[in-house]
Amino acid sequence: MGKYKDAEWYIKSSTALIEKYGDVPPPWIYAPNSHPYSIGWRMGGGESHIMILNEWLDQQDLSFDERIIYLKKYPAPARWYSWIIHFLWDVDSYKFEAPDYIPYFEKLAGLGFKNTKDFHEDFSREDLD
């Protein structure tokens, strides 16, 4: 388990999220109008949420099938599919070039994830936080 599991702030925050959602929700639930590369994920509340989420996920040690169930509970905007690819297959999807996504988008589509074709358009939106 991670370095925050015994920290009072982590226990308090994760408990509140679990009471509200049943688990710790993914980033697009915490900040629905945010971009995955927003500075908000590296400071302030977004950074804290990512720290809580990562610690909670480490503690859960979810199987691949359990990860799919978790993600289907929280349908994601297409812009978050690179995060999902990393989450499911532990690949560094943040360094992908456009063609690198193709086999993973095909896998996601096969798993029932919709709108993979909208990734680049949604990811390039300028109206997001």
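## Exercises on an all-helical chain

From the N terminus on, the elements of this predicted model follow the order α-α-α-α-α-α-α.

**Exercise 1.** Determine how many helices and strands the chain has, and compare its radius of gyration with the value that the globule rule gives.

*Solution.* Begin with the elements: the chain has seven helices and zero strands. Next, take the radius of gyration, which is 15 Å for the chain, and set it beside the 14 Å that the globule rule gives for 129 residues; the two values are close, so the chain is as compact as a globular protein of that length. Then turn to the extent of the C-alpha trace, which spans about 45 × 35 × 25 Å along its principal axes.

**Exercise 2.** Describe the burial, the exposed surface and the contacts of the chain.

*Solution.* First, of the 129 residues in the chain, 41% are buried, where buried means a relative accessible area under 20%. Second, the chain exposes about 7600 Å², and carbon and sulfur atoms supply 53% of that area. Third, among contacts with a separation of 6 or more, 61% are accounted for by residues 24 or more positions apart.

**Exercise 3.** Work out how helix H1 and helix H3 pack, and which residues meet where they are in contact.

*Solution.* Two packed helices are described by the angle between their axes and the distance between the axes. Here helix H1 (residues 8–21) and helix H3 (residues 44–60) pack at an angle of about 80°, and their axes lie 10 Å apart. Angles of 65 to 115 degrees count as roughly perpendicular, and H1 is therefore roughly perpendicular to H3. On the H1 side, the residues in contact are Trp-9, Tyr-10, Ser-13, Ser-14, Leu-17 and Ile-18, and they meet Ser-48, His-49, Met-51, Ile-52, Glu-55, Trp-56 and Gln-59 in H3. Sorted by character, the residues of this contact of H1 with H3 comprise seven nonpolar, five polar and one charged.

**Exercise 4.** Asp-61 and Asn-115 each have a positive phi without being glycine; locate each residue and decide whether Asp-61 and Asn-115 are exposed or partly exposed.

*Solution.* Take Asp-61 first: its phi is about 50°, and the residue is found in the loop between H3 and helix H4 (64–73). Its relative accessibility is 62%, so Asp-61 counts as exposed, the cut-off for that class being over 50%. For Asn-115, phi is near 65°, and the residue has its place in the loop between helix H6 (98–110) and helix H7 (119–123). With a relative accessible area of 42%, Asn-115 is partly exposed.

Definitions and conventions
Residues numbered from 1 in each chain as written. Predicted model: local features only at pLDDT ≥ 70, side-chain atom pairs only at ≥ 80, totals over all residues. Heavy atoms only, no water. Axes fitted to C-alpha atoms, helices over the stretch in contact; angles between N-to-C directions. Helix = DSSP H or I, 4+ residues; strand = E, 2+ residues; numbered from the N terminus. Parallel < 35°, antiparallel > 145°, perpendicular 65-115°, else oblique. Contact = heavy atoms within 4.5 Å. Nonpolar A, V, L, I, M, F, W, Y, C, P; charged D, E, K, R; others polar. Rg over C-alpha atoms; globule rule 2.2 N^0.38 Å. Buried < 20%, exposed > 50% of the residue type's maximum accessible area, 1.4 Å probe, protein only. Areas by Shrake-Rupley, 256 points an atom, 1.4 Å probe, with all protein chains shown as cover.
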